Amino acid sequence: MTDLPKLKTPARALALLLALSLAAMLVISLTERFKHPQITVHVQPAPQAPAGMGGDAIGALMQEVAKNPQNVDALVHLVEALMTAQNWDAAETFAQRASTLDVNNPQPLYLLGVIKHNQGKHKEAAELLEKVVALHDNASVRYSLGVLYIHFLNDPARGVEHLSAGLHDPKAGEDLKKGIREELEKAPLSHAGGAENNTPDQPVRQDKMDKKAKKTNGKDARP
């Protein structure tokens, strides 16, 4: 997984990097979030396309896809370009085609999940990202699922489950782990507390819980 660069963001902002492309064509980055978390995608330009990913680039990629409709890489690049242009409906169409052509490739599924999220279809987005994790478990995708479940689907227990799994991923970078810890700290205590208590990164909080348990047991033992 691509290492996270050092990000400079406001204190309350979140950052998210998802590097799912096995060919390193896609870089998914954590973006600033203030009042509402948002899963977004930042793409690298395709080899055929200029850096701006403008209308000319989209046209060129359309022609490439028309010539080679089975070319999943070209379809993915086209989806990325359309997402950059925020043409979500067209991006959805081509992402679905790419995912159908290569059912074992997590990249089109991830892009489709991001598209659904930006369309406000958060449940469908989560279902797609669950499939991505099943194909290629990835701490940053777990982070995205945690954000979706906690902030958009009102399912903090499921969100904390994904965040905890991502935190324990040995391949997760320190910046990503920091973002996961911040989300766990903000999650409802009834769920986040249990998840963090099983995390080696939270020894102080565990000690407090142990002391509290001892005090409670001592009181119960008194006549």
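Helix 2 is followed by Q86, a residue with a positive phi, near 60°. Select Q86 as the starting point of this tour, and bear in mind throughout that the model is predicted.

**Stop 1: helix 2**

From Q86, step back to helix 2, residues 72-84. At its N-terminal end, select N71, which caps the helix: a side-chain oxygen of N71 lies 3.1 Å from the backbone nitrogen of D73. Next, place a distance marker between the end C-alpha atoms of helix 2. They are 18 Å apart, which agrees with the 18 Å that 13 residues should span at 1.5 Å a residue.

How many residues of helix 2 are buried? The count is 11 of the 13, so helix 2 is largely enclosed by the rest of the structure. To display them, select V72, A74, L75, V76, H77, L78, V79, E80, A81, L82 and M83. The buried set includes H77 and E80.

**Stop 2: the largest nonpolar core**

Keep L78, V79, L82 and M83 selected and add F94, I115 and L129. Within the largest nonpolar core, which has 34 residues, these seven touch the most other members. Two or more residues of this core come from each of helix 1 (55-67), helix 2 (72-84), helix 3 (88-101), helix 4 (106-118), helix 5 and helix 6 (139-152). Helix 2 provides the largest share, nine residues.

Centre the view on L78. Which residues is L78 in contact with, leaving aside its neighbours within four places in sequence? They are I58, L61, M62, V65 and F94. Of these, I58, L61, M62 and V65 fall within the residue range given for helix 1, and F94 within that for helix 3.

A second, separate core comprises 12 residues. Select A139, I150, A172 and I180, which are among them.

**Stop 3: helix 3 and S99**

Move to helix 3 and mark its end C-alpha atoms. The separation of 20 Å agrees with the span of 20 Å that its 14 residues should have at 1.5 Å a residue. The buried residues here are W88, A90, A91, E92, F94, A95, A98 and S99.

Select S99, which has its place in helix 3. Why does S99 count as buried? Its relative accessible area is 13%, and the class requires a value under 20%. The side chain of S99 reaches the backbone oxygen of Q96 at 2.8 Å. Not counting residues up to four places away in sequence, S99 touches P108, L109 and L112.

**Stop 4: the salt bridges**

The structure holds six salt bridges. Begin with E92, K116 and E124, which are linked in a network of salt bridges. Within this group, the closest N and O atoms of E124 and K116 are 3.1 Å apart. The two partners differ in accessibility: E124 is partly exposed, at 35% relative accessible area, whereas K116 counts as buried, at 6%. E92, the third member of the network, is one of the buried residues of helix 3.

Now select R158 and E130. Their salt bridge brings the closest N and O atoms to 2.9 Å from each other. This pair links distant parts of the chain, for R158 belongs to helix 7 (residues 156-167) and E130 to helix 5 (residues 122-135), 28 residues apart. R158 is partly exposed, with a relative accessible area of 25%.

Then select D137 and R142, whose side chains meet in a salt bridge of 3.0 Å, N to O. Is R142 buried or exposed? At 16% relative accessibility, R142 counts as buried, while D137, at 38%, counts as partly exposed.

**Stop 5: the whole protein**

Finally, zoom out and colour the model by secondary structure. The protein has 10 helices and zero strands, and from the N terminus on its elements run α-α-α-α-α-α-α-α-α-α. Of its 223 residues, 48% count as buried. Among contacts with a separation of 6 or more, 49% are between residues 24 or more positions apart; the salt bridge of R158 with E130 joins residues 28 apart.

Switch on the surface to end the tour. The protein exposes about 11,800 Å², and carbon and sulfur atoms supply 51% of that area.

Methods: Residues numbered from 1 in each chain as written. Predicted model: local features only at pLDDT ≥ 70, side-chain atom pairs only at ≥ 80, totals over all residues. Heavy atoms only, no water. Salt bridge = Lys/Arg side-chain N within 4 Å of Asp/Glu carboxyl O. Buried < 20%, exposed > 50% of the residue type's maximum accessible area, 1.4 Å probe, protein only. Helix = DSSP H or I, 4+ residues; strand = E, 2+ residues; numbered from the N terminus. Contact = heavy atoms within 4.5 Å. Areas by Shrake-Rupley, 256 points an atom, 1.4 Å probe, with all protein chains shown as cover. Core = buried A, V, L, I, M, F, W, Y, C linked by side-chain atoms within 4.5 Å. Expected span 1.5 Å × (residues − 1). Polar contact = N/O pair within 3.5 Å; in protein donor to acceptor, adjacent residues only side chain to side chain.
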